[in-house]
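I opened a fresh page for this one and wanted two things from it: a look at the pockets and a look at the sheet. Come along as I page through my notes.

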Amino acid sequence: HDQKDCTELLSGASRHCFICQSLDHLSAECPEKVCKRPLPWVQEVCCKDKVPCNPSNVEASAQSSISSRLSVVITTSPVPSHPSTMMIEAVLASFQRVDGLAECPLIIVCDGFKVVKKTTWKAGKVTEEKAANYEKYKENLKKLQDDGHLPAGSKLIILQGHNGQAMAVKAALQEVETPLVCIHQHDLEFSFNFSLDKVLDILEDKKNPVKYVGLPLLVNLHYEAIAFQHHGVKVKPEVFHEITLMPIVFWYDSTHIAVVEHYKSLVFGPSETYAAGNFVEETFGVRQRNDIMTNGMDGMEGVHARYGTYHCISLSPDGSRRPLICHLNGVRFLTPEQREALGYPPDPPVEFYPSRTMTSRKDRKVRHILDNVLELADVHMEFSAAVRNILSKLL
């Protein structure tokens, strides 16, 4: 506990230095204080032996080509569903939806925590009960690795204390052996297949400025509107290797694929500093956005080219954009057994997980209104779609 909560101090005892016990100063000013060791604080790295790859057909060869170029990093931290590994296993199962992704080397980084009286999940502050659940969760992850339920060659990085998302990624990059990396979170699922091999080709092509390709969620599906309305920056889609990408002015922590050396030299370069608990998007991402808003982003040699951040645009069969990533919302995710024990219904309504739907809540509500309007107005089927679009924009 802190000194302000100490029962001895509250009863009249004098404050003293915890290091040398002196009454003349506190530990923050103690001359015997040892300098803090640099972040990240890696406690343990658990490795699983690799299995040699002998591709016997064209498909296996293509997958081998992807796995030799790309590693996947998943950052994980305490959430209510622990010690269950159900959520991260669901995330890993979604890798099968993307050709070649499940065969890539996997690194899972387990951040630490601070024990407090009241849990604050994002800040890594948990009660003793939740801390014990998380320790059991890490043991369950090790068991999954030992039993072969994680990809061969997978690594578990255990961090000591609360490092934060930024330092968890930095710790993982030290273990990455491929030129490209996919940074992923423990509560994000892949929704659809996309041309992963072509995305890797784009990132490896030094003739273009692309160094980061984000996979959009529902909330940033139409990024050009966000960029203009919120930041006053105009962006438009660009095509590289037959893949349509949207320039973005922000380094999102959400799922993205990036060049490892670019990550190390720019995001974690000598001029960038991070404290324990920091997120990349809340520190470096904000600095990037301010830089582009101030200096513009035009041209191959412009400010944006220094960052090289883009979003991958994926289209449904009807031509509309679709999110490649869905959010499970880890701070609310519970297993069926946990939901039953708390008296919750087995399956939450779709509004509980809005990011898992293909349309926004507003669109779902407006759709019923428009259907009624069209029916009452007796609009011919041939013109109903056009009228619906006009009314939708007006609403």
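Here are my entries, starting with the sheet and ending with the pocket.

**Entry one: the model.** I noted before anything else that this is a predicted model.

**Entry two: the sheet.** I looked up the strand order and found ten strands in an open sheet with mixed pairing. Reading across, I wrote down β1-β6-β3-β2-β7-β12-β9-β13-β11-β10. Why is one side of β1 and of β10 left without a neighbour in the sheet? I see that β1 (42-47) and β10 (238-240) stand at the edges with a single partner strand each, so one side of each stays free of a neighbour in the sheet. I also looked up the turn between neighbouring strands of this sheet, and the average is 25°, direction ignored.

**Entry three: one pair and one helix.** I picked β2 and β7 (residues 180-185), which pair in the parallel sense over six bridges. Here I found isoleucine 74 opposite histidine 184 of β7. Then I checked helix α4 (residues 128-146), which packs on the sheet and touches β1, β2, β3 (106-110) and β6 (155-159). The direction of α4 makes about 160° with that of β6.

**Entry four: the pocket.** I looked up the largest pocket, and its volume is about 810 Å³. Which of its 33 lining residues are the closest to the centre? I listed Lys122, Gln185, Asp187, Phe279 and His327. By character, I counted twelve nonpolar, 15 polar and six charged residues in the lining. β2 (70-76) turned up again here: β2, α5 (165-173) and α9 (280-295) each supply at least two lining residues.

Key:
Residues are numbered from 1 along each chain as its sequence is written. This is a predicted model: local features need pLDDT of at least 70, side-chain atom pairs count only at pLDDT 80 or more; totals for chains, interfaces and linings use all residues. Side-chain values use heavy atoms; hydrogens and water are left out. On a 1 Å grid over the protein atoms alone, a cavity is a set of points where a 1.4 Å probe fits but cannot get out, and a pocket is an open set with protein on both sides within 12 Å along at least five of seven lines; lining residues have an atom within 4 Å of a point. Grid points are joined across faces, edges and corners, and a volume is the space filled by probe spheres set on the points. Helices (H or I, at least four residues) and strands (E, at least two) are DSSP runs, numbered from the N terminus. Ala, Val, Leu, Ile, Met, Phe, Trp, Tyr, Cys and Pro count as nonpolar, Asp, Glu, Lys and Arg as charged, and the others, Gly among them, as polar. Two strands pair if DSSP finds at least two bridges between them. Axes are lines fitted to C-alpha atoms, for helices over the stretch in contact, and angles run from 0 to 180 degrees between N-to-C directions. Contact means heavy atoms within 4.5 Å.
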